[in-house]
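Here are my notes on the model you sent. Please read them with the structure open.

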Amino acid sequence: LLVYVPGIDGSGLTPVAQFAELGTKYELKCLSFDTSDRSYFDDIRSIVATEVRKAKRQGRKVYLMGESFGGIVGLSLSMGDLGDDGIPDRLILINAATSFSRTFLGRISPQLLRLPEPFFTFAVLPVGFMIL
């Protein structure tokens, strides 16, 4: 099972072009988060750990693919922060946001996360266009 954890936009759309080919080798589970979701890191990590635990209890190998912020979630799980049963068998990092806090967006993200909709979406929309 290949579990994809998206970046901070929560959409999971960035690698959509690769999903078809990945689907020939793996069963894919793409996690996503609503743009209005303001969950804390620990909450998101718990959601991902629950998915990993469910699959491992079924005897499945779990490959966790984390992109950007999702990579940080994956690193945290791989360190066993939430117990050994939440550790994926393999971890794939895509542009892990390990230096995100040193970027302009990283410095202003605490303020952005406090914005109500639709202001939040308008504030992060330029970031989406930079990715595409």
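1. Surface and burial. The accessible surface of the chain is about 8,100 Å², and carbon and sulfur atoms account for 59% of that area. This is a predicted model, and the values below are computed from its atoms. The chain has 132 residues, of which 30% count as buried.

2. Order of elements. There are five helices and four strands in the chain. Read from the N terminus, they run β-α-β-α-β-α-β-α-α. Contacts often span the sequence: among those between residues at least 6 apart, 70% join residues at least 24 apart.

3. Helix α2, its length. I would look at this helix with care, since several later points return to it. Helix α2 covers residues 41-57. It has 17 residues and reaches 24 Å from its first C-alpha to its last. That is close to the 24 Å expected at 1.5 Å a residue. After α2 comes G59, with a positive phi near 80°.

4. Helix α2, its buried side. Which residues of α2 are buried? They are I44, R45, V48, A49, E51, V52, R53 and A55. The list includes charged residues, among them R45, E51 and R53. The cover over the buried residues of α2 includes strands β1 (2-5), β2 (28-30) and β3 (63-67), and also helix α3.

5. The nonpolar core. The largest nonpolar core has 14 residues. Within this core, V3, V48 and L64 touch the most other members. Three elements, β1, α2 and α3, each supply at least two of its residues. Helix α2 gives the most, with five residues. As a general point, nonpolar side chains tend to be buried together in soluble globular proteins.

6. V3 and what surrounds it. Leaving out residues up to four places away in sequence, V3 touches K29, L31, V62, Y63, L64 and M65. One of these, L64, is also among the core residues that touch the most other members.

7. An aromatic pair between two helices. The structure holds two aromatic pairs. For F41 and F69, the ring centres are 5.9 Å apart and the planes stand at 85°, so this pair is edge-to-face. The cut-off for that label is over 60 degrees. F41 lies in helix α2 and F69 in helix α3 (residues 69-78), 28 residues apart, so the pair links distant parts of the chain. Both rings belong to partly exposed residues: F41 has a relative accessible area of 28%, and F69 has 22%.

8. Salt bridges, the loop-to-loop pair. The structure holds five salt bridges. In one of them, E27 pairs with R60, and the closest N and O atoms are 2.3 Å apart. You may want to inspect that contact by eye. The partners are 33 residues apart: E27 is in the loop between α1 (16-22) and β2, and R60 is in the loop between α2 and β3. Are these two residues buried or exposed? E27 is partly exposed, at 46% relative accessible area. R60 is also partly exposed, at 27%.

9. Salt bridges, the pair inside α2. The side chains of K54 and E51 meet at 3.4 Å, N to O. Why can they meet within one helix? K54 and E51 are three residues apart in α2, so about one helical turn separates them. In general, an α-helix has 3.6 residues a turn, so residues three or four places apart point the same way. The two partners differ in burial. K54 is partly exposed, with a relative accessible area of 44%, whereas E51 counts as buried at 15%. The cut-off for buried is under 20%.

10. Salt bridges, from loop to helix. D89 forms a salt bridge with K56, with 3.8 Å between the closest N and O atoms. The cut-off for a salt bridge is 4 Å. D89 sits in the loop between α3 and β4 (90-94), and K56 sits in helix α2, 33 residues away. D89 is partly exposed at 29% relative accessibility, and K56 is partly exposed at 27%.

11. A shared network. Salt bridges that share partners join K29, E51 and K54 into one network. K29 is also one of the residues that V3 touches.

Note on methods. Residues numbered from 1 in each chain as written. Heavy atoms only, no water. Phe/Tyr/Trp six-rings, centres within 6.5 Å; stacked < 30°, edge-to-face > 60°. Buried < 20%, exposed > 50% of the residue type's maximum accessible area, 1.4 Å probe, protein only. Expected span 1.5 Å × (residues − 1). Contact = heavy atoms within 4.5 Å. Areas by Shrake-Rupley, 256 points an atom, 1.4 Å probe, with all protein chains shown as cover. Core = buried A, V, L, I, M, F, W, Y, C linked by side-chain atoms within 4.5 Å.
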